[in-house]
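Q: Please take a close look at one part of this protein, the central strand region and what surrounds it. I would like a connected account, written for someone who works at the bench.

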Amino acid sequence: MTKSKLERWHPSQEDDELIFAVCNRFLSKYGKGDGLVSDREERSAAAISKWLREERGREDLSREKIYPLFREAVRRNFLHLQPPVENVLAHRLMEHFHLENTNREISVVNVTGPETSQYVTSVAADKVLALIDQVAQEKRRLAKINGTDPEQTSVHLGMGAGYATMLLAKRLAHRVAQGGACPRLVLHAISSGGFFIDEPHKSPTTYFSYFDDTMSEIEYVALFSETVVHSDEYERVKKNPGLRRCFDRKCEIDIIVTSLAAAEHSHGLLGQYLGWLTREGLIDSDVVSHMQQRGWVGDVQFQPYTNEGELENVCPVRAVALFEIDEMVRFAREPNHHLVLIGGPCGECGASKTEALRPLLSNERLHLWNHLVTDVRTARELLDAPQEPFGRDNA
């Protein structure tokens, strides 16, 4: 028996313009509605089907086909939820950690539950997009003053390794693809981040592929190297031809995006890597316990720290990364430089990173960020404990 026309139809056959028009019709009527029956009828599937018949001549789009069009809009990433932010908690954190008179800002995402990390990275991605536009405007202004072509300016974005940054890169790529004009971008990997052959998605170079179809003018500066090397080999490795070029170009970076890991957490990349090195017999079995005895609480881009500052001269290996912790601290203090720190829970299991995040707020030697994005649970945990800062930061 021949299939009916209804059975043959699929929402993926419709073009972007029509699907967007259907969603816009529904949501605009919903947002303006007063809740009356007449209003609900106007934004119903039947009403939209009628509108499509009258305005678009689409007699075939019955009311049964309207909701599949909404699902297709979600699949095409037309609909983005904007997570709410909690300004009062953000202000309390600024006061609690004596950050009011600094160049830093905190965003607290008012969400809970298993998808918290995804929403935190969404807000962080939106922040990065706004910063890209801000940096581009300033560079164009300076180009006009210097008599150069303002349209040839580029914004350089450095991305670190990790699951949270991967989520951010996905959201950012979608926003760039749908947001119209975007300045020329140069994407830098600031660390290698890849060591598990079955987890390439946590390596910054992998994120670059998300941007392939978003814009015509985009440049990549990939970093291909071992994740860590023996400390006594580090300076030699940095001189390798490919790596040397990456390090030479790090001064071009305008915005850095990174997350952090808690020392005791099973999904932290540094802890996973040290565990692998131990099992392979490449480092002594007591290295991790020695680091813990010295107060290791967390790491940023495979670089460990304690409540007092960087953890140095303990681990026999070190990360191959463009920026060390003290360099990130200086970077965040410089005008027109931005470091966005994703400080929500683990994106894979939801575990809290509060104790690893705390010294990055309380200790000025670890103030390696000027834009922090976290969640309400983490914010409340940070506020619960009495705070004794290591020093004020007036940068």
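A: The account below begins with one strand, moves outward through its sheet, and then turns to salt bridges, a second sheet and a surface patch. The model is predicted, and every value given here is computed from it.

The strand chosen for the close look is S2, which spans residues 154–159. Is this strand buried or exposed? Six of its six residues are buried, so S2 is largely enclosed by the rest of the structure. The cut-off behind that statement is a relative accessible area under 20%. Both faces of the strand are covered. On one side lie Ser-154, His-156 and Gly-158, and on the other lie Val-155, Leu-157 and Met-159, all of them buried.

Two strands pair with S2. Strand S3 (residues 184–189) runs parallel to S2 and is joined to it by six bridges. Within this pairing, His-156 has Val-186 of S3 as its bridge partner, and Val-155 has Leu-185 of S3. Strand S6 (residues 255–259) also runs parallel to S2, and three bridges join the two. Here Gly-158 of S2 has Ile-256 of S6 as its bridge partner. In general, strands of a sheet pair through backbone hydrogen bonds, either parallel or antiparallel.

These pairings belong to a wider arrangement. S2 is part of an open sheet of seven strands with parallel pairing, in the order S1-S12-S11-S6-S2-S3-S4. The edges are held by strand S1 (105–109) and strand S4 (218–221); each has a single partner strand, so one side of each is left without a neighbour in the sheet. From one strand to the next, the twist averages 20°. Helix H14 packs on this sheet, where it touches S6 and strand S11 (338–342), and the direction of H14 makes about 120° with that of S11.

Helix H14 also takes part in a salt bridge. The side chains of Lys-250 and Glu-327 meet at 2.8 Å, N to O. Lys-250 sits in the loop between helix H11 (241–248) and S6, whereas Glu-327 is in H14 (residues 325–333), so that the pair links distant parts of the chain, 77 residues apart. Lys-250 counts as buried at 18% relative accessibility, while Glu-327 is partly exposed, with a relative accessible area of 21%.

Over the whole structure, a search finds 19 salt bridges. One of them is formed by Arg-171 and Asp-126, whose closest N and O atoms are 3.0 Å apart. Arg-171 lies in helix H8 (residues 163–178) and Asp-126 in helix H7 (residues 116–146), so this pair ties together parts that are 45 residues apart in sequence. Both residues fall under the cut-off for burial: Arg-171 has a relative accessibility of 9%, and Asp-126 has a relative accessible area of 13%.

Helix H7 also holds a salt bridge between two of its own residues. Glu-138 and Arg-141 meet through their side chains at 2.7 Å, N to O. Both lie in H7, three residues apart, which is about one turn of the helix. Glu-138 is partly exposed, with a relative accessible area of 23%, and Arg-141 is likewise partly exposed, at 43%. Elsewhere, Asp-16, Glu-72, Arg-75 and Arg-76 are linked in a network of salt bridges.

A further sheet has antiparallel pairing. It is an open sheet of three strands in the order S7-S8-S9. Strand S7 (261–262) and strand S9 (303–305) are its edge strands, and each pairs on one side only. Strand S8 (residues 298–300) runs antiparallel to S9, with three bridges between them. In this pairing, Asp-299 has Pro-304 of S9 as its bridge partner. Helix H15 (residues 354–362) lies across S7, S8 and S9, and runs at about 80° to S9.

The last feature is at the surface. Leu-27, Val-74 and Leu-79 make a nonpolar surface patch of about 260 Å². Of these residues, Leu-27 lies in helix H2 (residues 16–32). Leu-27 is partly exposed, with a relative accessible area of 47%.

To return to the strand of the request, S2 is buried in six of its six residues, and its bridges run to S3 and to S6.

Note on methods
Residues numbered from 1 in each chain as written. Predicted model: local features only at pLDDT ≥ 70, side-chain atom pairs only at ≥ 80, totals over all residues. Heavy atoms only, no water. Patch = residues over 30% accessible without salt bridge, like charges linked within 9 Å, V, L, I, M, F, W, Y side chains within 5 Å. Areas by Shrake-Rupley, 256 points an atom, 1.4 Å probe, with all protein chains shown as cover. Salt bridge = Lys/Arg side-chain N within 4 Å of Asp/Glu carboxyl O. Helix = DSSP H or I, 4+ residues; strand = E, 2+ residues; numbered from the N terminus. Buried < 20%, exposed > 50% of the residue type's maximum accessible area, 1.4 Å probe, protein only. Pairing = 2+ DSSP bridges. Contact = heavy atoms within 4.5 Å. Axes fitted to C-alpha atoms, helices over the stretch in contact; angles between N-to-C directions.
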